[in-house]
Amino acid sequence: MARVKGSVWEIAPEDVVAAGLPPAEAEAFVASLRRAVAGKPREGAEAAVWQAVVPLLRPEYPHALHQLVYYSVYANWDAATRGPPPYWFPSVQDCKNTNLGRLMESHGPKLLGSSYKDPITSFNLFQKFTVQHPEIYWSILMKELSVKFQHPPKCILDRSDKSKEGGSWFPGAVLNIAECCIYPVPFQNKTDNSAAIIWRDEGFDDLPVNYVSVKELREQVMTVANALDTLFEKGDAIAIDMPMTYKAVVIYLAIILSGRVVVSIADSFVAREIATRMKVSKAKAIFTQDFIIRGGKKFPLYSRVVEGTACKTIVIPAAGTNVGLKLRTNDLSWNDFISRTSSIARPKSYSAVYMDAESVTNILFSSGTTGDPKAIPWTQLSPVRCGGDSWAHTDACSGDVLCWPTNLGWVMGPITLYSSLLTGGTLALYHGSPLGRGFGKFVQDAGVTFLGTVPSLVKTWKNSNCMGGLDWSKIRVCATTGEASDIDDDLWISSRTSYSPMLECCGGTELASSYIQGNLLQPQAFGAFSSTSMTTGLVIFDEQGNPYPDDQPCVGEMGLVPTYLGATNRLLNADHYKIYFDGMPTYRGVQLRRHGDVLQRTVGGYYIVQGRADDTMNLGGIKTSSVEIERVCNRADDNVLETAAITVKSKTGGPEQLVILAVLKDKSVKHDIDVLKRKFQKAIQTNLNPLFKVSFVKVVPEFPRTASNKLLRRVLRDQLKQQSTQSKL
């Protein structure tokens, strides 16, 4: 990183040379820099200065130069009194051309009266209106999505049944949400020939990308639906455990089109975790691949699935047309499965199974704190929330190509699918690892306009410099979720896309969306959320349950107003009320819904996630609990008495790092920290998740505890923070 100056005026040619530009080019850059800031105040106008110099910062410039300019511009910015420094700024004219801006221009004067000015000035006022009148907002927005009702709802929101904390949404509506994804939509300019999916296999990076048209997607979905009818009953739960390929999307939609329920299982899970999810969901069968191919190497998947379940398994080849291993007697290859439609007169035609809006279409899982993962049922309304929020906040629309490397086993898989197909966009899928240049070239070649990420992925791209020389100029919006962002990583990816907005998103599987996120109508700051999402009512309260005023900077646990379209009203294997409502404070006569995040509301109204109110931790975007980690680590070494699992962050933010603290039985025995770390790592990867990484191990004499002998992890976390200021972990 180049040495940061006290202000942008102090940047000299030699600083730019040190940041990576040749001397002659550095001289020219500094001259342009000084012309750009000429006449700008040297104090208190950092945002205006940054806006003036951004056009000079080309994507191909070394990251050190972007760092030099950005951090020098904001060198004297006091975030405590001014909030996080903004890097992206909307214009009134551009805002009026966004989805949400057009909606506000059309309906704002009528809904807000003389208080309405323009999409930027009136954003907060309009957002508050949608919280107070969500039925009005959703009645308008539904006209923008490709959601078609077989029988329309009696109303948007029925609040008469007081036993339902969030009310009844779209009562009486009948539809099939998968059908809404696979037909032409004239008002979205979506025809049968439009590209529904763009994809490419890893290793074929120099070949043209592959396209699946709307018509082709529909015919393939209907063929799979017909094949499902030959084996399973309506309402059966069918699991998917495979990478998010275009065939996985076809299978997902076919299961729902045919009146069945998808069970989402991430392809990283070990056999025991697969078994748990199959059992909890009562799945009758599972789709998987023979292998997972990453970096030219084959990793077993079918073998993990058969170890975890005796259910019928349908196996798709990871490469080629034939499965690359021997299957169990009861299992089917993809080819044999599809061949079951050979006797059907019109295998590419299918009549969708229409269901009530509250019918379950997908079972996803969220980590519990002590035992089985929570089985979270998505109804047909959960996708409506996905599509609606993406339309409003990320401006997803016809002509967009949306790419978010993820998996149908995680909530971002279905969210990305519906955000693309319900808004008229195209879903872009890379069949391989997103860690390397191959993925980046796919983003370039597919013409991706919306790129979703997770922070650890961006950090890998930045540190490896694998995306150098690629043209990402078509990207107009980036987004990130899953874990806390590192400001410098956000700076890197935004600079690669000519400083397009990087929208922070934070939500949950049980919400089917983000409750706080960025948008294109407000200035954006790295690592911060600019607003609650449309119709989302959020309250931050103190330790006694007293709410802070809406406009006051504060830190505390947050609660949600429960009238939240898409949020769950039941769990399949746990007490929904106990988990999400019991013990929560009331606000204006309404009991708040628990989410568990601790939020900071800054000066300027931004939000920053401070962690979890309980001991749940977030590792690489996957929520797990300290108890689960400790349980397996306690058995990793015979001399371990007990362990404590906590997470810490670096000073610049970024993903949570897993730290294992251990108390030994025999303290006189010499221990090797590296050996202990390897044992803990192996135990976690074998028994929980191979994606979890132990960053640091420390042996301590004892753990701090309460009078009732409860482990004080917060104290341990604070102790580590104090130590990290004196020495690097």
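Which residues does UniProt list for "domain: Acetyl-coenzyme A synthetase N-terminal"? The record, an unreviewed entry, gives residues 128-181. In the predicted model you have in front of you, that stretch is 24% helix and 11% strand. Its end C-alpha atoms lie 31 Å apart.

Now let's look at the inside of the protein. In soluble globular proteins, nonpolar side chains tend to be buried together. Here, the largest nonpolar core has 158 residues. If you want places to begin exploring this core, try W50, L253, L451 and W461, the residues with the most contacts inside it. Helix α11, which covers residues 246-257, gives the most to the core, with 11 residues. Apart from this core lies another one, of 19 residues, and M617, A662, L664 and I684 are among them.

Let's stay with L253 for a moment. Not counting its neighbours within four places in sequence, L253 is in contact with A178, C181, I182, L217, V221, L417 and L421.

The next stop is a pair of helices. Two packed helices are described by the angle between their axes and the distance between the axes. The axes of α11 and helix α16 (residues 412-421) come within 12 Å and cross at roughly 80 degrees. An angle from 65 to 115 degrees counts as roughly perpendicular, so α11 is roughly perpendicular to α16.

Which residues meet there? From α11 come V249, Y252, L253 and I256, and from α16 come P414, L417, Y418 and L421. The residues of this contact divide into 8 nonpolar, no polar and no charged.

Notes
Residues numbered from 1 in each chain as written. Predicted model: local features only at pLDDT ≥ 70, side-chain atom pairs only at ≥ 80, totals over all residues. Heavy atoms only, no water. UniProt positions renumbered as here; feature names shortened; annotations may be inferred. Helix = DSSP H or I, 4+ residues; strand = E, 2+ residues; numbered from the N terminus. Core = buried A, V, L, I, M, F, W, Y, C linked by side-chain atoms within 4.5 Å. Buried < 20%, exposed > 50% of the residue type's maximum accessible area, 1.4 Å probe, protein only. Contact = heavy atoms within 4.5 Å. Axes fitted to C-alpha atoms, helices over the stretch in contact; angles between N-to-C directions. Parallel < 35°, antiparallel > 145°, perpendicular 65-115°, else oblique. Nonpolar A, V, L, I, M, F, W, Y, C, P; charged D, E, K, R; others polar.
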